[in-house]
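Subject: The structure we talked about

Hi,

Here is the structure I promised to hand over. Have a look at it first, and then read on for what turned up.

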Amino acid sequence: MATFDVTIAGELNLDLILYGLPEQMAVNRELLADDFRLTLGSSSAIVAHNLAALGVRVGFITRVGRDALGEIALTRLREMGVDLSRVVVASDAEQTGVTMLLVHDGSRHILTYPGQAAKLSAADLSVAYLMDSRHFHLSSLYLQSGMHRELPALCRRLKEAGLTLSLDTNDDPEDRWGEPLEELLEVVDIVLPNEDEALRMTGTKRREDAARALAERVPLVAIKCGRDGCLIQRGEERWFVTVQAVQPVDTIGAGDSFNAGFLRGFLEGRSPAACGAMGNAAAAFSTLRPGGTEAYRDRALVESELLPRLPAESL
């Protein structure tokens, strides 16, 4: 029996979130926010944290600086039971990454210092550790340039070892959607883009066309469509799964929380539609607190608000 249900190799940083700022921000002026939160950030870490909160055994390899930000981020993961035995701590001169989110009414600016994200490389990874799992997940493909050259070969090795694989590219800051995406789409079992990412990576105009194009290459496609729910495609089969409406505090990390719910359903052998429903519920739940993990840190809230919303059986 594998030690882990899911292993993840990815980036780690904190999110600094300021609320109530004007969308048009004057330079050289002191602008006042009306609220602030410091939360665990980065797609890979949010998925790891929230999977663990859902009872999934998670092993996480990441690279952090020897600084306060890194220690806070690792503490948040450790509290949730994520295994951090293979974390790489960089030298004193290297810093952990950070993202500043400036939240406006209905939109936000996202400013990221990648820190160690681009420096995580194959030399930092224990392949045996990653293999000691049922599933491998990869997020933030384009922020992790240090792994690009080795990723396709690594994923093929994990696949040959019997793991299933999932990929959430997140945004490409250069908007090129180039390598190693093409090779990875030939290896992974699940791709988990949001609607805008799916359109950009396929060069299509409609989410249905994007789902069809991706399903020609990947066995299972889950496109996150925000308040509309999600669009799931497997071959020629398609499901559109709606989401139960909630009053969100903010939507930061909702897509990563969707991944956690969807993957828990996948690991349980649920139907594609049920996996989508679990992803929707996990995403909606995350919006009840600021940031992508704060709702999941409240175990009582998880038990009272999230677990009852998960489908009891396949749809």
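Below is a tour of the sheets, the helices that pack on them, and a few single residues worth finding on screen.

One thing to keep in mind from the start: this is a predicted model.

**The eight-stranded sheet**

Let's begin with an open sheet of 8 strands, with mixed pairing and the order β4-β1-β9-β10-β11-β12-β13-β14. Its edges are β4 (58-61) and β14 (237-241), each of which pairs on one side only. Inside that order, β11 (residues 190-191) and β12 (residues 220-224) run parallel and are joined by 2 bridges. If you want a spot to click on, V191 has V221 in β12 as its bridge partner.

Helix α8 packs on this sheet, where it touches β1 (4-9), β9 (133-139), β10, β11, β12 and β13 (230-234). The direction of α8 makes about 150° with that of β12.

**The α8 and α9 pair**

Helix α8 (residues 254-267) also meets a second helix, α9 (residues 272-286): their axes come within 7 Å and cross at roughly 145°. The crossing of α8 past α9 is right-handed. On the α8 side, the residues involved include F258, F262 and R264, and on the α9 side they include P272, M278 and N280. Sorted by type, the contact residues come to 9 nonpolar, 7 polar and 1 charged.

How many of the residues of α9 are buried? The count is 15 of 15, so α9 is mostly covered, taking buried to mean under 20% relative accessible area. The length of α9 also works out: at 1.5 Å a residue, its 15 residues should span 21 Å, and the C-alpha atoms at its ends are 21 Å apart, which agrees.

**The four-stranded sheet**

There is also an open sheet of 4 strands, again with mixed pairing, and its order is β3-β2-β7-β8. The edge positions belong to β3 (35-41) and β8 (108-113), each paired on one side only. Ignoring direction, neighbouring strands here are turned by 15° against each other on average.

The parallel part of this sheet includes β2 (residues 13-19) and β7 (residues 97-103), which are linked by 7 bridges. One pair to look for there is D15 with its bridge partner T99 in β7. Helix α2 (residues 68-79) packs on the sheet and touches β2, β3 and β7, with a direction about 70° from that of β3.

On the other side of β7, the pairing with β8 is antiparallel, over 6 bridges. L102 has H109 in β8 as its bridge partner. β7 and β8 make a hairpin with 4 residues between them, and G106 in the turn has a positive phi of about 90°.

**Single residues to find**

H49 sits in helix α1 (residues 43-53). Is H49 buried or exposed? Its relative accessibility is 1%, so H49 counts as buried, the cut-off being under 20%. Leaving out residues up to four places away in sequence, H49 touches L40, R76, L77, M80, V82, T293, Y296 and R297.

Two residues other than glycine have a positive phi. N28, with phi near 60°, lies in the loop between β2 and β3 and is exposed, at a relative accessible area of 80%. S42, with phi near 75°, lies in the loop between β3 and α1, but S42 is buried, at 9%.

For a cis peptide bond, go to E179 and P180, where omega is about 10°. P180 is in the loop between β10 (164-168) and α5 (181-185).

Last stop: M131, in helix α3 (residues 127-131). M131 is partly exposed, with a relative accessible area of 27%. Apart from neighbours within four places in sequence, M131 is in contact with R157, L158, A161 and L163. M100 is 31 residues from M131 in sequence, and their C-alpha atoms are 34 Å apart.

Happy browsing!

Definitions and conventions. Residues are numbered from 1 along each chain as its sequence is written. This is a predicted model: local features need pLDDT of at least 70, side-chain atom pairs count only at pLDDT 80 or more; totals for chains, interfaces and linings use all residues. Side-chain values use heavy atoms; hydrogens and water are left out. Axes are lines fitted to C-alpha atoms, for helices over the stretch in contact, and angles run from 0 to 180 degrees between N-to-C directions. A crossing is left-handed if the near helix is turned anticlockwise from the far one by less than a right angle, and right-handed if clockwise. Contact means heavy atoms within 4.5 Å. Ala, Val, Leu, Ile, Met, Phe, Trp, Tyr, Cys and Pro count as nonpolar, Asp, Glu, Lys and Arg as charged, and the others, Gly among them, as polar. Two strands pair if DSSP finds at least two bridges between them. Buried means under 20% relative accessible area, exposed over 50%, partly exposed in between (1.4 Å probe, protein chains only). The expected span of a helix is 1.5 Å times one less than its number of residues.
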